[in-house]
Each structure stands twice: as C-alpha cells, then as structure tokens.
Amino acid sequence: MANDLTDPTEVAPVDAVLASFARTPDPRLREILTRLVRHLHAFVVDIEPTMAEWQAAIDFLTSTGHACTDRRQEFILLSDVLGVSTLVESVNDRRPDPAPAAAAAGQDRTESTVLGPFHVVSSPPRALGDTIDLTGGGTPCLVTGEVRTTDGQPLPGATLDVWQADDQGFYDVQQPEEQPAGNGRGLFTADADGRFRFRSVVPRHYPIPTDGPVGDLLRATGRHANRPAHIHFIVAAEGHRSLTTQIYVADSPYIDSDAVFAVKRRLVREVETVHDPAAAARHGLPSPFRQLRFDFVLEPAEEAGA
Ligand SMILES: [Fe+2]
C-alpha cells in the first residue's frame, strides 16, 4: 500500500524530522530548523514535485553556489530577486508607529533599505561641495539636505557615506578599467548645522547581473532585471542608530517594478531643475542645474533594536 501522508496512524516524515532536532542545544537553532522543516514539508505536500522537478531545484541551487566567487554572491542576488533581502531588512527595521505629532512635524525617522552589493569598506573622504563624479559624464546634480534627530535637532558632524552608479548605470567596481576607483563615492561630514551638500550626476537605472542562474530565473519568468535610479547612503552620528538607505529618483524607469523590491515610497524624491544662475555659480554648476534634496532623520541609539 502506498504511503498515505494524511493517514494519522502513519508517522509523517515531518514528525520524524522534527523529533530528530529535539535535543538541539541552541534553542534558537532548534526553533529555526523546526519551522523551516514544517514550511518546507508543507510546501512539498502542496506542490507535489516530480523527481525531475526536485532534481531541477537541486541543480539550480548547485549552479547558484558555483556562480559565487569572492567578488560575486549569487545567493544574495537570489535572495534579492525573491524579495527576501528586503523582507529580512524590513523585519529588522520594525518600530512602533511614531507619535502623531512627530509624524505630522516630519520628524519620523528615515526608513532603511538594503545595503546592496556595491558598497566598499572605505569611501574616499571629501569636503562638502566636492563632486563624486570623477569622469565628467552625465547630467550634473547637486545633492543637499540635513541630518537631524527625531526631535528635530540638527546633527553636526554626522557622516554620510555615499555611493552611486554613473550615468551609464555602472559602479566603479564593475568597471575597474574604465572608471577610477572612488568614482561615484564619497564620505562627507555634515556642517555645524547638520547640513550636507555635494555634486554628482543624476544616477541612472541599471540591471542586476543576469549572466548566472538568477538571470535564468528572471528570463524563465518573464521578469526584467532593472533597479530604478538611486543613491546609496549610510548616515551615522554619535549616539544614534546608523541608517543604511537609498534615495530613489522619482521619474526613473522601473520605479514601480524594482527587480529587488527595495523601493519605499517615502524614499522617492524628484530631481528638481533649478533656475538660479547665482546658486549655479556658487556651486560650480551650469545653469539651470538639477538638485536632489533629502533630509535624514536618525533615531537615538537607545531606541534601536531593543
Ligand atoms: Fe545600487
């Protein structure tokens, strides 16, 4: 007689597997494995894969591992396109709703989003007003704003680690032969009023790598590989929780269909066109020029991650 997975007199495989973890000393590891096995077995019962489909899954995961090198992490990319990276980030970024008065005053903390694969350990320190565009391509853009607390107080000396793709949609580390190291990157320190400014180019949307198994997955499902234009930031200030986030360009293609599901509505900004010749001259920009403004609000460290 065939095994009947619904027969209460049979010991279902899931129960035997769960029992095998009963003596796991680390309670968190036991909890994770128990829930993983429950979900995984329920998934298999739900979809009833053929042996060929099971083998295809094994082959896909194997090739995903083979695609990983010390400069490429295909499993993270897989996590990204399945929305898991953003979900993990969001789960760890949950907070109680802000007080209505703080929310109305615009002092709610800035939302975080995924780090992404193109951060480098140390961005080159630059002075306020410097440009991070070392190649002179693209549409010049002034990026300005302030860093403040959830109480509305400025954070002088806050640091802003910035990185972005160039006007062709590539990071410096992707094109070491064509872009100087540090192109599109800078480490800035906010002034005595918590304000920052730097010059750059309007970033461009770009595709995630598609020459590996994740690219196969996207093609098999008719999905595009593009991320909308954005600038990455890590904003830090003493006594405050560091913020890793991205600011998105409002009119960028793919703003509503990010391949890695990382766009948050409140992180989207217009890149304005500024008709102010005096300001253009002051910042060393042509007139009119483009400007992206964003204020970062950091929460006190003691409220973080409790
Ligand atoms: Fe990026």
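**The lining of the largest pocket draws at least two residues from each of three elements, namely α4 (74-81), β5 (206-207) and β7.** The model shown here is predicted, so local features are described where pLDDT is at least 70 and side-chain atom pairs where it is 80 or more, while totals for chains, interfaces and linings use all residues. Residues are numbered from 1 along each chain as its sequence is written, and side-chain values use heavy atoms, with hydrogens and water left out. Helices (H or I, at least four residues) and strands (E, at least two) are DSSP runs numbered from the N terminus. Of the elements in this lining, α4 gives the most, with four residues. The lining of the largest pocket comprises 31 residues, and R71, R72, P117, F118 and P209 are those that lie nearest its centre. About 900 Å³ of space lies in this pocket, a volume being the space filled by probe spheres set on grid points that are joined across faces, edges and corners. On a 1 Å grid over the protein atoms alone, a pocket is an open set of points with protein on both sides within 12 Å along at least five of seven lines, a cavity is a set where a 1.4 Å probe fits but cannot get out, and lining residues have an atom within 4 Å of a point.

**An iron ion is held by two tyrosines and two histidines, Y171, Y206, H230 and H232.** The coordinating atoms are the OH atoms of Y171 and Y206 and the NE2 atoms of H230 and H232, at 1.9 to 2.1 Å from the metal. Donors here are N, O and S atoms within 2.8 Å of the metal (3.2 Å for Na, K and Ca), and water is not among the atoms, so sites may look incomplete. Along the chain, the donors of the iron ion follow the spacing Y-x34-Y-x23-H-x1-H. Because Y171 lies in the loop between β2 (159-164) and β3 (185-189) while H232 belongs to strand β7 (residues 230-236), this pair ties together parts that are 61 residues apart in sequence. Y171 is buried, with a relative accessible area of 0%, and H232 is buried too, at 2%; buried means under 20% relative accessible area, exposed over 50% and partly exposed in between (1.4 Å probe, protein chains only).

**Five strands make up an open sheet with mixed pairing, in the order β3-β2-β7-β8-β9.** The edges are taken by β3 and β9 (268-269), each of which has a single partner strand, so one side of each is left without a neighbour in the sheet. Two strands pair if DSSP finds at least two bridges between them. Strand β8 (residues 243-249) and β9 run parallel and are joined by two bridges, and in this part of the sheet V249 stands opposite R269 in β9.

**Strand β11 pairs with β1 in the parallel sense and with β10 in the antiparallel sense.** The pairing of β11 with strand β1 (residues 140-149) extends over four bridges, and T144 stands opposite R293 in β11. Three bridges join strand β10 (residues 272-274) to β11, where V274 faces F289 from the opposite position.

**One cavity of 30 Å³ or more is present in the structure.** The space within the largest cavity comes to about 40 Å³. Its lining is made up of I132, D133, Q164, D166, N183, G184, S200 and V201.

**Three loops carry unusual backbone features, at E48, F261 and the peptide bond between S287 and P288.** Most residues other than glycine have a negative phi, and most peptide bonds are trans. E48, although not a glycine, has a positive phi of about 45°; this residue sits in the loop between α2 and α3 (51-66) and counts as exposed, at 63% relative accessibility. F261, likewise not a glycine, has a positive phi of about 60°; F261 is found in the loop between β8 and β9 and counts as partly exposed, at 44% relative accessibility. The peptide bond joining S287 and P288 is cis, with omega at about -5°, and P288 belongs to the loop between α8 (277-283) and β11 (289-293).
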